[in-house]
Amino acid sequence: MSKLRKQHMAIEWHDIVNTESNIPAKNASLQEKASLVGRVGLMMLSVGTAAWRVRASMNKISRALGITCNADIGLLSIEYTCISGNETYTNAISLNTTGVNTDKLNELEHFADSFAERVEKYSVQQFHMILDKFQDMKGNYKAWNLGLAAAFACCAFTFLLGGGIAEMLCAFFGAGIGNFVRKKLLERHITLFANVAAGVASACCTYVIFIKLAELLLGVSAVHQAGYICSMLFVIPGFPLITGGMDLAKLDLRSGIERITYALLIITVATLTGWLCATVFSFHPQDFEVYDISPLLRAVFIMITSFCGVYGFSLMFNSTRKMAAIAGLIGMCANTLRLELIDMAGIHAGLAAFTGALSAGLLASAIHHRIGYPRITLTVPSIVIMVPGMFMYKGVYYIVINDITTGAVWLTKAVLIVTALPLGLICARILTDRNFRKSS
């Protein structure tokens, strides 16, 4: 057992107090066992992991308790039936919203993995006490931390999309303030459409203010207005897009369709808000100014900005700094490979995205066996930076102004890349994970 795994088990099991019921969970009633299975599943669902992983964790708990569990899992709800001999218990549970929390996901994964070792020692009530601790885990970062993480991520994203210093600086401030506003609204439980629209509008308006000041005070060219799209890319829902694709691969159709629909809702609201802001300020999407940089220096910059971008996005998912750094290293290798394949070898963007995601998945699997972090906490942040947010925005922008042909071209490019990314991760899991490649 790895050192990390031992540390997690120490966190999970120390200071468990005695309770009135000392009946081991293995000998509890079916209703008590089912309540524990359902709670683990709902907590796994709440941190943003894929439905097949939620079901796998519920099955681990069920097998250890000596029962069978059948579950139907969506984006926000689980309907499940637990069976023990001739006795059955059915329950339906749900969340009021969804999100991503990779740190809590890591803890819950270790809880499920070590559950079988404890099932005959601890009661159901004591297990619920452990889950209470996980339930009460606070986020690792405050709103200003997440704003700063988004600022660095989108600043790096801007360079990778072809932007220069002016665009990077303005995107830094725009994304930072935009994500800060969105986080504050989320803390007040403001609904999805409102917090996305407010966050994107704040980012775009901040970018406009800074670029206009640069034009007036520093004589910066108006061509740098093109970077306003980059300031809103922190809202791109990479996690549900990727996990939705993986659920579809495992024939979890309900969850896969619901996750992708949820992601499309966010993309639609974000892009329409960005279009409205662009219309108000008379900004138009256009190509960045081309900079003359040597291929070697450009490759170095790509590696640095890829690391910074993935690191920032990973922190936004509540990863620990160590987890974010590892994801950053994976993303640095995978995204640099992707971009070099496009620029140097002339490979199609979709095939390059597949190759980048495949390499990220293989690297994450190798690291998983040595360190113990769940693969999804490393792979999804490392390829979110490959999601073509600018293509999506341009597609919607041109369609809204009735340039259907141009809009369709951009959306087609975006769909090809977004489809290739989960396929790359799925291929990596099939190659490296025996349980994933089986149809059970």
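# Exercises on a predicted model

His 128 lies in helix H5 (residues 124–135). Helices (H or I, at least four residues) and strands (E, at least two) are DSSP runs, numbered from the N terminus. This is a predicted model, in which local features need pLDDT of at least 70 and side-chain atom pairs count only at pLDDT 80 or more, while totals for chains, interfaces and linings use all residues. Residues are numbered from 1 along each chain as its sequence is written, and side-chain values use heavy atoms, with hydrogens and water left out.

## Exercise 1: a histidine in a helix

Task: decide whether His 128 is buried or exposed, and list what His 128 touches beyond residues up to four places away in sequence.

Solution:
- Step 1. Start with the cut-offs: buried means under 20% relative accessible area, exposed over 50%, and partly exposed in between (1.4 Å probe, protein chains only).
- Step 2. His 128 has 19% relative accessibility, so this residue counts as buried.
- Step 3. Leaving out residues up to four places away in sequence, His 128 touches Ser 35, Leu 36 and Arg 39. Contact here means heavy atoms within 4.5 Å.

## Exercise 2: looking for disulfides

Task: find how many disulfides the structure holds, and explain why Cys 69 and Cys 82 are not bonded.

Solution:
- Step 1. Recall the chemistry: a disulfide is a covalent bond between the sulfur atoms of two cysteines. The test used here is a pair of cysteine sulfur atoms within 2.5 Å.
- Step 2. Take Cys 69. The closest cysteine sulfur belongs to Cys 82 and is 4.2 Å away, which is too far for a bond.
- Step 3. Now try Cys 154. The nearest cysteine sulfur is that of Cys 230, at 7.8 Å, and Cys 154 is in no disulfide.
- Step 4. The count for the structure is zero disulfides.
- Step 5. As an extra, check accessibility: Cys 69 is buried at 8%, and Cys 154 is buried at 0%.

## Exercise 3: following three strands

Task: work out how strands S1, S2 and S3 pair.

Solution:
- Step 1. Two strands pair if DSSP finds at least two bridges between them.
- Step 2. S1 (residues 68–73) and S2 (residues 77–84) are antiparallel and share six bridges. Thr 68 has Ile 83 in S2 as its bridge partner.
- Step 3. The link from S1 to S2 is a hairpin of three residues.
- Step 4. S2 also runs antiparallel to S3 (residues 87–94), with eight bridges joining them. Here Cys 82 stands opposite Tyr 89 in S3.
- Step 5. The hairpin of S2 and S3 has two residues between the strands, and Gly 85 takes a positive phi near 65° there.

## Exercise 4: positive phi outside glycine

Task: say where Leu 251 and Asn 402 lie, and whether each is buried or exposed.

Solution:
- Step 1. Keep the background in mind: most residues other than glycine have a negative phi.
- Step 2. Leu 251 has a positive phi near 65°. Leu 251 sits in the loop between helix H9 (238–249) and helix H10 (253–281), and is exposed with a relative accessible area of 68%.
- Step 3. Asn 402 has a positive phi of about 70°. Asn 402 sits in the loop between helix H15 (389–400) and H16, and is exposed at 67%.

## Exercise 5: a cavity and a pocket

Task: describe the largest cavity and the largest pocket, with the residues that line them.

Solution:
- Step 1. Set the terms. On a 1 Å grid over the protein atoms alone, a cavity is a set of points where a 1.4 Å probe fits but cannot get out, and a pocket is an open set with protein on both sides within 12 Å along at least five of seven lines; lining residues have an atom within 4 Å of a point. Grid points are joined across faces, edges and corners, and a volume is the space filled by probe spheres set on the points.
- Step 2. The whole structure has one cavity of 30 Å³ or more, and the largest cavity holds about 40 Å³.
- Step 3. Its lining is Met 246, Gly 361, Arg 375, Thr 379, Leu 425, Ala 428 and Arg 429. Helix H16 gives the most to this lining, with three residues.
- Step 4. The largest pocket holds about 1600 Å³. Of the 46 residues that line the largest pocket, Thr 98, Gly 99, Val 100, Lys 183 and Leu 186 lie nearest its centre.
- Step 5. Helix H7 provides the largest share of the pocket lining, five residues.
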